[in-house]
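User: I work mostly at the bench and would like to learn how to read a protein model. Could you walk me through some features of this one?

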Amino acid sequence: MDSERVVHVVAERGRGSGCEILPGLVLTAAHTVEETDSWVRVRRQGAESVHTGRVVWRGMSRDAYPRDSEGWNERGVDAALIHVAGWKESPAGQRRSAPDRPRWGRIVGERDRVECRVWGFPYAEHRPGESTQVLGTINPGNGFVGGTYAVDCDTTPPSPAEGSPWRGVSGAAVFCGDLLTGVVFAELPGHRPARLEAETATALLRAEGFLDTVNRYGPPGIHVLEPVEYADFADRDHGPGLVQAPSSVIELLHPARGIVPFGGRDEDLALLREWSRRPGPGAALVHAPGGRGKTRLVLEFSRELASGEEDWAVLWLGSGSPGDIRRMPSPTVPLLVVVDGADSRVEEAAAAVEFAARNRGVPVKVVMTARSDGWWTSRRESEASLPVAALMSRTLKIPLPGLETDAETQRRSFREAALAFSSVLEHMPGWERTDEESPSWRDLAEGLAPIEPGGHLSSPLTLHMAALVSLLDATGSGEPSPSPVFGPGDGTAAVEEQLLAHERSHWLRVAAAHGVGRPVLSNDALFDAVVGAVVLYPQDRSQAGSLVRRVPRLSDQSEDRLGSVLSWLRAVLPSSDGRPVGDLQPDRLAERFVGGRLEEYPELADSLLPGAASDQAARFLTLTTRAAVRGILDKNRLTDWCARHRHVLVLPAIDVATRVENPEPLLDALTAIVDDPGTSLNDLEELAGHLPRSSYNLAPWALRLHQRIVQVHREQADDSPERRARLAVALRELAKRLGYMGRREEALRTNQEAVDLWRAMPEHLPERRSELGACHNNAAMWHSALGQRREALQAARTAVGLMREEARSEDPAALDHLSRG
């Protein structure tokens with residue numbers, strides 16, 4: 001909690017506390033102020049100046065306090081909102097960098113106490129107007145009847161001559177970590193140390209008119225209660241935890257901001273509602289190409305679920321190790337776990353589904369978004385746990401089609417989007433139109449010419465980008481802007497290029513303010529630094545420093561200058577999760593910017609890739625593969641980079657090929673490496689060892705890889721048992737790949753060759769019996785699939801006999817080989 005947000009409130013009724021939840025919008029207790037439209041005086045913590053504010057929302061009537069004798073349910077919510085016009089500067093007189101909305105929290109457990117903080121202005125302080133920050137805990141078992149939180153404080157101020165020592169703290173916000181969880185309205189007598197009572201954030205968000213008022217004085221947003229106990233696992237950059245104010249216009253497109261009204265997905269929303277009502281754990285996958293509105297649909301669903309009567313909690317899962325996800329605490333209320341971009345976080349998604357499968361007390365549902373669904377089938381087939389695999393197999397898959405493409409619907413949606421963006425730009429720092437002779441943002445939006453309809457506008461993101469570009473272009477002349485000029489055959493490309501042009505101009509304006517613009521550094525040097533930040537996405541300051549040093553156009557700069565470049569990157573790519581830089585969103589713009597830049601300067605990749613970690617290499621490959629599929633980047637570039645940097649890129653390329661919706665460029669690169677005579681047998685076998693057990697995307701390439709391995713073994717084979725054993729193992733693996741491809745007769749022939757080799761080898765070889773058993777077991781499956789039941793039974797009996805012999809063996813090497821399969 002920022003100390004500048006702590007507010008002292010003075011009204012006719014007395015003094016109270018408050019929290020500035022938006023620039024100029026203060027949350028306090030209702031009983032500290034008069035009715036709606038009354039005036040109060042407010043002062044920020046540490047400031048000398050006093051300002052006048054107006055009560056714009058009150059959660060209960062004036063005569064409902066003290067407590068309603070008829071019971072808590074009729075008294076309303078003891079909270080109010082005060083608007084302070086023009087209050088946008090810090091006490092130091094500098095412009096404030098304020099979040100566009102708070103993060104709301106709720107406690108979902110019933111057993112463990114939760115730590116919290118309260119910061120307010122008690123009367124008992126020895127200096128007038130001095131604040132007190134109190135640490136305390138909330139016991140979830142208290143406050144059930146009243147539906148409130150009881151905050152057990154770790155201290156009590158000195159008692160005044162009369163009244164409670166906590167007078168004046170009413171209206172103070174209760175924070176659990178970074179989550180605004182309640183607002184203090186009373187002290188419960190008879191407790192030492194003190195116990196304060198607070199309205200819950202749940203009650204605030206459900207109170208009539210509260211969110212409407214919050215959205216009226218700040219950018220509209222998607223307000224979802226986040227579970228306090230899961231805060232360490234939450235995504236602060238992509239879900240409802242995104243609270244950072246937009247620093248550039250493309251950030252207005254982020255689905256978590258919810259600027260353009262949601263619509264057009266009623267059937268898909270109904271499917272998710274029905275799925276959430278099914279008993280027990282569940283998994284759902286919303287998949288579609290980029291820009292179809294997957295994330296926005298799930299955000300709307302999670303908002304609806306969290307605000308409903310079923311008392312669901314929502315966790316928008318951030319990055320974390322699969323082990324940590326599996327060990328998350330069990331919930332005591334229904335929990336929805338969202339894994340956005342699950343196709344690039346496969347093991348995290350699988351861990352979330354495992355978490356859901358083992359929590360049987362209350363429903364745990366996992367909803368994933370991805371660009372395709374084939375990767376999930378592959379992951380299910382490799383799952384060892386039967387309950388988890390069963391839950392994966394029941395995954396509800398929802399493919400999102402394009403939206404309505406009729407001309408009238410597109411024109412109406414275009415106008416709605418332009419008006420929505422204009423309402424935010426009017427208040428966005430640096431974008432206000434204060435010249436009285438210039439048209440306002442709303443005037444510009446209303447004056448835009450109708451969009452020229454087209455099939456490309458069935459993508460909500462493309463339509464929204466077109467509206468934003470038209471609005472920005474209209475500022476050049478003050479005249480109504482024409483519809484964006486689209487290139488022949490690809491309107492999407494044109495509007496993305498136009499939007500990136502505006503974004504690059506923003507980057508250069510910020511660069512000048514940071515002292516790294518021209519003539520200090522060239523535009524190309526700065527744009528190369530953005531490419532490096534986006535494709536490598538550094539985790540910490542050390543990685544970020546290494547990144548800027550690898551940019552060729554920055555290689556001759558001093559450490560101080562490179563530090564300034566990093567500060568500039570943080571400003572244009574802000575992060576809210578502790579990373580040195582954030583992401584370039586939406587993904588489609590990142591693909592176009594990175595792909596276009598690397599197509600023009602392919603040598604930049606050669607400088608960035610050496611030393612890249614595996615997750616950085618996977619990110620690079622994901623972005624460039626998608627750019628290549630979209631025609632932004634020459635596919636041959638990817639093949640060349642994989643060949644030159646194979647020890648950095650090749651193993652991640654196998655992983656990425658199972659996840660992206662179209663892996664063709666990666667498969668071409670991997671095929672070139674397999675076919676390269678210079679690729680050693682050890683390297684080929686390392687590739688084979690990295691393969692998943694099954695993968696639709698990789699199956700043809702995996703077969704080619706194993707054919708090449710067998711070919712090299714044949715070329716190197718001699719009469720030594722070790723050489724022949726390695727060839728036999730390679731043949732068994734090749735037979736398995738033939739079987740996966742449905743080529744069972746070939747699989748049986750190849751498998752029989754392996755059997756013949758093992759039979760001819762000395763019996764003392766430790767792996768001989770277990771390998772023969774594995775070969776016969778595989779043969780049994782393929783005979784059965786071909787309808788050859790007698791042969792299948794005979795092969796199975798032989799396999800069982802061999803493995804029993806091996807199990808009775810006292811040879812440690814043989815037993816170890818059997819245990820490893």
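Analyst: Let us go through strands, helix packing, unusual backbone spots and a few single residues. First, this is a predicted model, in which local features need pLDDT of at least 70, side-chain atom pairs count only at pLDDT 80 or more, and totals for chains, interfaces and linings use all residues. Residues are numbered from 1 along each chain as its sequence is written, and side-chain values use heavy atoms, with hydrogens and water left out.

User: Thanks! How are the strands and helices named, and which strands close into a barrel?

Analyst: Helices (H or I, at least four residues) and strands (E, at least two) are DSSP runs, numbered from the N terminus. Two strands pair if DSSP finds at least two bridges between them. Here 6 strands close into a barrel, in the order β8-β9-β10-β13-β12-β11, with antiparallel pairing. On average, neighbouring strands of this sheet are turned by 40 degrees against each other, direction ignored.

User: Take β8 as an example. How many bridges join β8 to β9?

Analyst: There are 7 bridges between β8 and strand β9 (residues 132–138), and the two run antiparallel. Gly120 has Thr132 as its bridge partner in β9, and Arg117 is partnered there by Leu135. Strand β11 (residues 173–176) is also antiparallel to β8 and is joined to it by 2 bridges. In that pairing, Val118 has Val174 as its bridge partner.

User: And why is β8 described as largely enclosed?

Analyst: Start with the scale: buried means under 20% relative accessible area, exposed means over 50%, and partly exposed is in between (1.4 Å probe, protein chains only). In strand β8 (residues 114–120), 6 of the 7 residues are buried, so the strand is largely enclosed by the rest of the structure. In a regular strand the side chains alternate between the two faces of the sheet.

User: What about the loop after that strand? Is Glu130 buried or partly exposed?

Analyst: Glu130 is in the loop between β8 and β9. Its relative accessible area is 26%, so Glu130 is partly exposed. For a sense of distance, Glu130 and Glu310 are 180 residues apart in sequence and 42 Å apart in space, C-alpha to C-alpha.

User: Now helices. At what angle do α11 and α12 cross?

Analyst: Axes are lines fitted to C-alpha atoms, for helices over the stretch in contact, and angles run from 0 to 180 degrees between N-to-C directions. Helix α11 (residues 460–473) and helix α12 (residues 491–513) have axes that come within 9 Å and cross at roughly 45 degrees. That makes α11 oblique to α12; under 35 degrees counts as roughly parallel, over 145 as roughly antiparallel, 65 to 115 as roughly perpendicular and the rest as oblique. The crossing of α11 and α12 is left-handed. A crossing is left-handed if the near helix is turned anticlockwise from the far one by less than a right angle, and right-handed if clockwise.

User: Which residues of α11 and α12 meet?

Analyst: Contact means heavy atoms within 4.5 Å. Among those meeting are Met465, Leu468 and Leu472 in α11, and Val495, Leu499 and His502 in α12. The residues of this contact divide into 7 nonpolar, 4 polar and 2 charged. Ala, Val, Leu, Ile, Met, Phe, Trp, Tyr, Cys and Pro count as nonpolar, Asp, Glu, Lys and Arg as charged, and the others, Gly among them, as polar.

User: How do α18 and α20 pack?

Analyst: Helix α18 (residues 614–629) and helix α20 (residues 646–657) pack at about 65 degrees, their axes 8 Å apart. This crossing is right-handed. The contact includes Phe620 and Leu621 of α18 and Pro652 and Val656 of α20. By class, the contact has 9 nonpolar, 2 polar and no charged residues.

User: Where are the cis peptide bonds you would point out?

Analyst: One joins Arg518 and Pro519, with omega about 5 degrees; Pro519 sits in the loop between α12 and α13 (523–536). Another runs from Gln585 to Pro586, with omega near -5 degrees, and Pro586 is in the loop between α15 (559–572) and α16 (587–600).

User: Which residue other than glycine has a positive phi?

Analyst: Asp37 is one of them, with phi near 80 degrees. Asp37 lies in the loop between β3 (25–28) and β4 (39–44) and is partly exposed, at 46% relative accessible area. Tyr537 also has a positive phi, about 45 degrees, although it is not a glycine. Tyr537 is in the loop between α13 and α14 (541–550) and counts as buried, at 11% relative accessibility.
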